[in-house]
Every structure is written in structure tokens, then in C-alpha cells.
Amino acid sequence: VSRVGDEIYLELGAAWNAASESERRSELEAIAGHAVALGIKHVMLSSHSVAVAEIHDHEICSEAKCLSKVQETVTVGGPH
């Protein structure tokens, strides 16, 4: 989990791939509702570092055609 301003990035891991389509949709709706309540406008969700969904101002996108084209790579434990 990483939060920057009104954005949050969530790594869902293997649980996302194991969930049914209806379970995924239900989870996205719950996340969207909680994000709005916390003042978070943009939620980027990934599974094993692959973008799987985005939420922008409570609008849910879980299809490849609407996911952001920018993918960031974060290296942990490198030289300081």
C-alpha cells in the first residue's frame, strides 16, 4: 500500500486472481466507497505488479482499454 496525496496504490496479490468476477466487482465497489469516504480520488489496484483495476472519483475501470498506460516499476532494497 502506498498513498500519495489523493491517490492510493494497492497490491492485491493472488487473492484477486482467485476471486470470481462477481466477487471482484463487489470488492471494487466496496473499495470505491471507502476511498471516497477517506478523501481518496484515485485508487490503482494491481495483482502481482500487473494493473487490474482503477477507481477515479468512484468510477470503476477493470478493463484493459481504460487502465492507465503508465506502469511504474519500484525497486526495493537498492543502493542508498
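**Helix α2, its cover and the disulfide**

In this predicted model, the side chain of arginine 24 reaches the backbone oxygen of asparagine 17 at 3.4 Å. Arginine 24 belongs to helix α2, which runs over residues 21-37. Beyond its neighbours within four places in sequence, arginine 24 is in contact with Trp16, Asn17 and Ala19. Asparagine 17 is thus named twice for this residue: as the owner of the backbone oxygen and as one of the contacts.

The surrounding chain is described next. The protein chain has 2 helices and 5 strands. Read from the N terminus, the order of elements is β-β-α-α-β-β-β. Of the 80 residues, 26% count as buried. The exposed area of the chain is about 5700 Å². Carbon and sulfur atoms supply 55% of that area. Contacts between residues at least 6 apart in sequence were also sorted by separation. Among them, 49% join residues at least 24 apart.

Helix α2 was then examined for its length. The helix has 17 residues, so at 1.5 Å a residue it should span 24 Å. Its end C-alpha atoms are 25 Å apart, which agrees with that expectation.

The two sides of α2 were compared by accessibility. The buried residues in α2 are Arg24, Leu28, Ile31, Ala32 and Ala35. They cover an arc of only 105 degrees around the axis, and therefore lie on the same side of α2. Arginine 24, with its side chain directed to the backbone oxygen of asparagine 17, is one of these buried residues. The cover over the buried residues of α2 includes helix α1 (14-18). Four strands also take part in that cover: β2 (7-11), β3 (42-47), β4 (50-56) and β5 (59-61).

The face turned away from the buried side carries the exposed residues Ser22, His34 and Ala37. Histidine 34 has a relative accessibility of 55% and therefore counts as exposed, the cut-off being over 50%. Histidine 34 lies in α2. Its C-alpha atom is 9.5 Å from that of histidine 58, a residue 24 places apart from it in sequence. Just after α2, glycine 39 takes a positive phi of about 80 degrees.

Strand β5 supplies part of the cover over the buried residues of α2. Isoleucine 60 sits in this strand. Not counting residues up to four places away in sequence, isoleucine 60 touches Arg25, Leu28, Glu29, Ala32, Glu54 and Ile55. Leu28 and Ala32, both in this set, are among the buried residues of α2. The C-alpha atoms of isoleucine 60 and leucine 28 are separated by 7.1 Å. Along the chain, these two residues are 32 residues apart. Isoleucine 60 itself counts as partly exposed, because its relative accessibility is 22% and buried means under 20%.

Next comes the disulfide. The structure holds 1 disulfide. Cysteine 61 and cysteine 66 form it, with their sulfur atoms 1.8 Å apart. The angle about the S-S bond is 100 degrees, and the link is right-handed. The two partners fall into separate accessibility classes. Cysteine 61 has a relative accessibility of 8% and therefore counts as buried. Cysteine 66 has 38% and so counts as partly exposed.

Two loop residues were noted for their backbone angles. Serine 49 has a positive phi of about 65 degrees although it is not a glycine. Serine 49 lies in the loop between β3 and β4. With a relative accessibility of 62%, serine 49 counts as exposed. Histidine 58 likewise has a positive phi, near 75 degrees, in a residue other than glycine. Its place is the loop between β4 and β5. Histidine 58 has a relative accessible area of 44% and so is partly exposed.

Technical notes
Residues numbered from 1 in each chain as written. Predicted model: local features only at pLDDT ≥ 70, side-chain atom pairs only at ≥ 80, totals over all residues. Heavy atoms only, no water. Polar contact = N/O pair within 3.5 Å; in protein donor to acceptor, adjacent residues only side chain to side chain. Contact = heavy atoms within 4.5 Å. Buried < 20%, exposed > 50% of the residue type's maximum accessible area, 1.4 Å probe, protein only. Expected span 1.5 Å × (residues − 1). Arc of directions from axis to C-beta. Disulfide = S-S within 2.5 Å. Areas by Shrake-Rupley, 256 points an atom, 1.4 Å probe, with all protein chains shown as cover.
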